[in-house]
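Grab a coffee and work through a few short exercises on the structure below. Try each task yourself before reading its solution.

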Amino acid sequence: MRIDNNVMPVRAISCAPFTDQRMGTAGLRKKVRVFQQPHYLETFLQAVLDTLQLPPGSTLVLGGDGRYFNREALQTLIRMTAAAGVRHLVVGQDGLLSTPAASNLIRMRKAHGGFLLTASHNPGGPDGDFGIKFNMANGGQAPQAITDAVFRASQALRGYRIAELPVIDLSRCGTQQHGPLRVEIVDPVADYQQLMERLFDFGRMADWVKAGNRVVFDAFHGITGPYARRILADTLGCAMADLLHTNPLPDFGGLHPDPNPVEGRHLVELCAGAAAPALAAASDGDGDRNMILGPACPVSPGDSLAIMLAGAALIPGYRQGVPGVARSMPTSRAVDRVAADLRIPCFETPTGWRFFCNLLEAGRIGLCGEESFGTGSSHAREKDGLWAVLFWINLLAVRSEPLPEVVAAHWRRYGRHYFQRHDYEIADAAHGTDLMEDLRSRLGSLPGSDLGIARVDLADDFHYHDPVDGSESPHQGIRIVLDGGARLVYRLSGTGTSGATLRIYLEKFEDNPAMLDCSPDEALRPLGKLAAHLAAIEAHAGLTQPTLVV
Ligand code: G16
């Protein structure tokens, strides 16, 4: 098909709106089959494009985690952004870009934003999940005001506009011109690797690997495989055989690409045995999550963030110190203790990486993290799985101590925050909402009451006031703080694609040196029982135990 240099042929297609295109914690996530309905993907994209009103001639970054339906969706995305007047697309080769690498590219190229085709850690394949996130010019996910406006726009749509373009070949790096549209296909790893080399001491890390410190990394057939091969193996010298599942596959080879101790139990078992590597790690489908383990020592995400902050001055990119730190409300408060020690502010935000972006953008924080296996810094506006692995390698290389000793020393100094998340999969979403409403209605009567193992100090529904833009985010999770500092948090997940997932976060602080080495199961069992009883989970949802404990 030949296209005139200046004119983009565009077709207008009429269709009825869909009623379910409200974005959750991170973009729109649905079953693949929902996205495959005629016009579904297109109407959502049109709603985003109508809301953004990009200036004519804009640049956008496009990529994804390689999951099923990405290829088709990417071609639609190219044609619709072209119809909306975008004139320069920067696309990862084969449509691949990790979420943090895309965030970096948007910033580097001064693009107007980017679309990321991913449902993150959710399973892939024809019966799995698909998703789309839109990131703004700062590289961070669209804020709530934009996602709300997109939903309103989706309800009012009567059709969409799509350019007539041939199928674009994304397999070779280089620039293609299609009429007025320039499509630039880039190596997904190169710019990201350069950024990592600026932040970390690669020479010292390579020496540490050479000295016999083995690193095992599992990419779960998600996007981080190509990044891990180039950075961990080719550059730092890790053994290729220790990098697992590194070719991105549309169905993740049947794996569930969620780096937690359940999906990563093979790594937990490896680390429990005599052949434990110095460091084991994993990332998720789109490369923004991380799990860190050492010999007989899984590191909880809250501890990982706290230990990173405590050691930040040892890492070249953070040597100047960080101005502040942030964690999502349900995340353990281990990092708060380090921040207090360093006399820097510690912000508590709602769940969702986008809430960190204003603080990062305003220079008020340098590190941030969440219980959901996400950690990041001011280097990007998304959490970053491989970055966290590199941070730990750099930290271990400088400290010259095994990982379990680093963790134990941290607990001896700051105390230990035992932490677990109990997820209950509730088949009928309405039962999940009723449960939360019921608990919310009883909050006023809880303070001061004796719950058997402790009295309630505080019971509220977390409300966030953004200190940068002044926006308000109410109802971000129920907090029940007990005397002695233990805490229960309840919220419904915003990333599932069916039913409701009730998440209960359990936390207990311990600074008795004789009690620092319990298993979280043991330390938190009474709290878990109390949490289930308080929320009347069996009565509301018929569930007598959690579906998943991480
Ligand atoms: C997303 C968000 C995270 C959030 C996580 C879990 O991660 O970016 O900020 O913590 O979902 O959210 P929820 O508890 O609502 O399911 P990802 O890696 O899935 O994009």
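The exercises below use a predicted model and go from the ligand to a helix and then to a loop.

**Exercise 1. Work out which residues surround the ligand and how much of the ligand the protein buries.**

Start with the shell: 20 residues sit around the ligand, and Thr25, Glu370, Arg491, Gly494 and Thr495 come nearest. Sort that shell by class and you get two nonpolar, nine polar and nine charged residues. Now look at the polar contacts. The side chain of Glu370 puts an N or O atom 2.5 Å from a ligand oxygen. Ser372 has a polar side-chain atom 2.7 Å from an oxygen of the ligand, and for Thr495 that distance is 2.5 Å. Last, the area: on its own the ligand exposes 460 Å², and the protein buries 100% of that.

**Exercise 2. Check the length of helix H15 and find where its buried residues point.**

H15 runs over residues 429–441, so 13 residues at 1.5 Å each should span 18 Å. The C-alpha atoms at its ends are 19 Å apart, which agrees. Its buried residues are Gly432, Leu435, Met436 and Leu439. They cover an arc of only 95 degrees around the axis, so they lie on the same side of H15.

**Exercise 3. Decide whether Asp450 is buried or exposed, and place it in the chain.**

Asp450 lies in the loop between H15 and strand E20 (456–461). Exposed means over 50% relative accessible area; Asp450 has 53%, so it counts as exposed. Its side chain reaches the backbone nitrogen of Gly452 at 2.9 Å. Looking back to H15, the C-alpha atoms of Asp450 and Gly432 are 26 Å apart, with the two residues 18 apart along the chain.

Note on methods. Residues are numbered from 1 along each chain as its sequence is written. This is a predicted model: local features need pLDDT of at least 70, side-chain atom pairs count only at pLDDT 80 or more; totals for chains, interfaces and linings use all residues. Side-chain values use heavy atoms; hydrogens and water are left out. A residue is near a molecule or strand if one of its heavy atoms lies within 4 Å of it. A polar contact is a pair of N or O atoms within 3.5 Å; within protein, one must be able to donate a hydrogen and the other to accept it, and residues adjacent in sequence count only if both atoms are side-chain atoms. Accessible areas come from the Shrake-Rupley method with a 1.4 Å probe; for residues, only the protein chains shown count as cover. Ala, Val, Leu, Ile, Met, Phe, Trp, Tyr, Cys and Pro count as nonpolar, Asp, Glu, Lys and Arg as charged, and the others, Gly among them, as polar. Helices (H or I, at least four residues) and strands (E, at least two) are DSSP runs, numbered from the N terminus. The expected span of a helix is 1.5 Å times one less than its number of residues. Buried means under 20% relative accessible area, exposed over 50%, partly exposed in between (1.4 Å probe, protein chains only). The arc is that of the directions from the helix axis to the C-beta atoms.
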